[in-house]
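Visitor: I'd like a quick tour of this model, with the cut-offs spelled out as we go. Can you walk me through it?

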Amino acid sequence: MARSATPWLPELPKLNLKAPVRATSLSEWALLPLRLFLGVTFTFASLQKLANPNFFNAASPASIQNQLKGAAQFSPIHALLHPMLPYAGTIGMVIAYAELAIGLGALLGLYSRIAALGGAVLSFSLFLTVSFHASPYYTGADIVFFFAWLPFIVAGSGSQLSLDGYLARYARAKKGIAASDLVAIPFAQVQLVCGKFKQNTCSALSGAACRSDVCPVLLGSQAPIATAVDLDMVKRRQVVLGGVTAAAVATTAVILGSTTAGLGKLIGGAKSPSAGNNLGGATGATGATGSGTLVGSAAKVPVGHAATVQLPGSGDPGIVIHVKEGEWLCYDTVCPHLGCTVGWTPGSAVLVCPCHGSMFDVASGGVIGGPASHGLRSLTVKDVGGNLYIQ
Ligand code: FES
């Protein structure tokens, strides 16, 4: 029986030799659509917040103040959120700019692991505060975003269409070192196709034993070899270039964010349902007295308009709508879904929740659409001699 040339290796099947699959490159392209989607989404979400003055206007149901109030009521970490309520505006600004930094980082593939870590932390925070009660759980987007960021924390952006990849290649090329995206193949396969390998010896090494660490085919003069010092310099060059690029992108992001916020204020922001003026309690109310709690003067709410009010008892935000002469409606505007404050645009037949789009019938408060499982709590409001009383 003929002796195998490589007795220490298991018998290999007959190999069908062809050009190696560029597995590394393919895997780098594979994550690109997801990275671009996350980058575009986070950038858009940030600019949308910055361009919308209602997001920072505590009187608007769509404001960060009202969303945080809702979260402080329903979130599993509500105890942590209560002390944050006075800083809601600042928190909204931090969230908007964090989203911008994360989105641009993902979009450009710059410091991708850090951007992905930021995206995962932000998504998980939003999951705990905003979408924790989404049912079934997979209908809440934040938990999905959280898991979508994880591959980029593990693997980075990949080198395709990415500034991280470009800077790494540039730094290596400057040092005369080949790109690092090499394709790994078993050494036994190299031996099989190598004309210098014979019976465990290498004719290029004057008949010495064949070994991968001294293989002249792998370490030949044609192959650019990187020393530890070279790689250290490449790494340093990469860090400096990455830092300069990140500073340029951060400056652009701040200019972009501020310009968007300025334009939003100038144009008046996205149209969002509101509830009109605040009734302001008993201040200014005069005349006859009635049963219930006096919440303000009826003269402040013309027919077809509404006003916000703090509801007696629960302290929840509420809305008083003057439907027609002598006819009033009052609802608790805490959305039964996840606690955002529902708003109403005069003339509209529905009250709309700005968070996930639940809609409620103005006439009854019943739910018409969206994730809310039931309608708004209705209260009785009466005009007694020009004063509004809620019972
Ligand atoms: S809080 Fe989700 S629809 Fe209102």
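**Helix H7 and what surrounds it**

Guide: Let's start with a length check on helix H7 (residues 141–155). Its 15 residues, at 1.5 Å a residue, should span 21 Å, and the end C-alpha atoms sit 23 Å apart, which agrees. The expected span is 1.5 Å times one less than the number of residues, and helices (H or I, at least four residues) and strands (E, at least two) are DSSP runs numbered from the N terminus. This is a predicted model, where local features need pLDDT of at least 70 and side-chain atom pairs count only at pLDDT 80 or more, while totals for chains, interfaces and linings use all residues. Residues are numbered from 1 along each chain as its sequence is written.

Visitor: Which helices do the buried residues of H7 pack against?

Guide: A residue is buried if 20 or more other C-beta atoms lie within 10 Å of its own, exposed if 12 or fewer, and partly exposed in between, with C-beta atoms placed from the backbone. On H7 the buried ones are Phe145, Trp149 and Phe152. They cover an arc of only 45 degrees around the axis (taken from the directions from the helix axis to the C-beta atoms), which puts them on the same side of H7. Counting contacts as C-beta atoms within 7 Å, these residues pack against helix H2 (32–51) and helix H6 (112–129).

Visitor: And which exposed residues does the face turned away from the buried side carry?

Guide: The buried side of H7 is made of Phe145, Trp149 and Phe152. Turned away from that side, the exposed residues are Phe147 and Val154.

Visitor: Leu161 is in the loop between H7 and helix H8 (163–174); is it buried, exposed or partly exposed?

Guide: Its backbone is a bit unusual: phi of Leu161 is near 45 degrees, a positive value in a residue other than glycine. Most residues other than glycine have a negative phi. As for its surroundings, Leu161 has 16 C-beta neighbours inside 10 Å, so it counts as partly exposed.

Visitor: What about Gln199: how many other C-beta atoms lie within 10 Å?

Guide: Gln199 lies in the loop between E1 and E2. Its phi is also positive, about 45 degrees, although Gln199 is not a glycine. Gln199 counts as exposed, because the number of other C-beta atoms within 10 Å is 11.

Visitor: On to the sheets. In the sheet with the order E5-E15-E14, which strands stand at the edges?

Guide: Three strands form this open sheet, with antiparallel pairing; two strands pair if DSSP finds at least two bridges between them. E5 pairs with strand E15 (residues 387–390) over four bridges, and four bridges also join E14 to E15. Each edge strand has a single partner, so one side of each is left without a neighbour in the sheet: these are E5 (293–297) and E14 (381–384).

Visitor: Which residue is the bridge partner of Lys382 in E15?

Guide: In E15, Asn387 and Tyr389 point one way and Leu388 and Ile390 the other, and all are buried. On the E5 side, Thr293 is partnered by Ile390 and Gly296 by Leu388. For Lys382, the partner is Tyr389.

Visitor: Which glycine in the turn between E7 and E8 has a positive phi?

Guide: Strand E7 (residues 317–324) is mostly covered, with six of its eight residues buried. E7 pairs antiparallel with strand E6 (residues 306–310) over five bridges and with strand E8 (residues 327–332) over six bridges. The E6 and E7 hairpin has six residues between its strands, and Gly313 in that turn has a positive phi of about 90 degrees. The E7 and E8 hairpin has two residues between its strands, and there the positive phi, about 80 degrees, belongs to Gly326.

Visitor: Last one: which element gives the most residues to the largest nonpolar core?

Guide: Such a core is a set of buried Ala, Val, Leu, Ile, Met, Phe, Trp, Tyr and Cys residues joined through C-beta atoms within 7 Å. The largest has 43 residues, and Val320, Cys335 and Leu351 touch the most other members. Elements giving two or more residues include E6, E7, E8 and E15. The one that gives the most, with four residues, is H3.

Methods: Contact = placed C-beta atoms within 7 Å.
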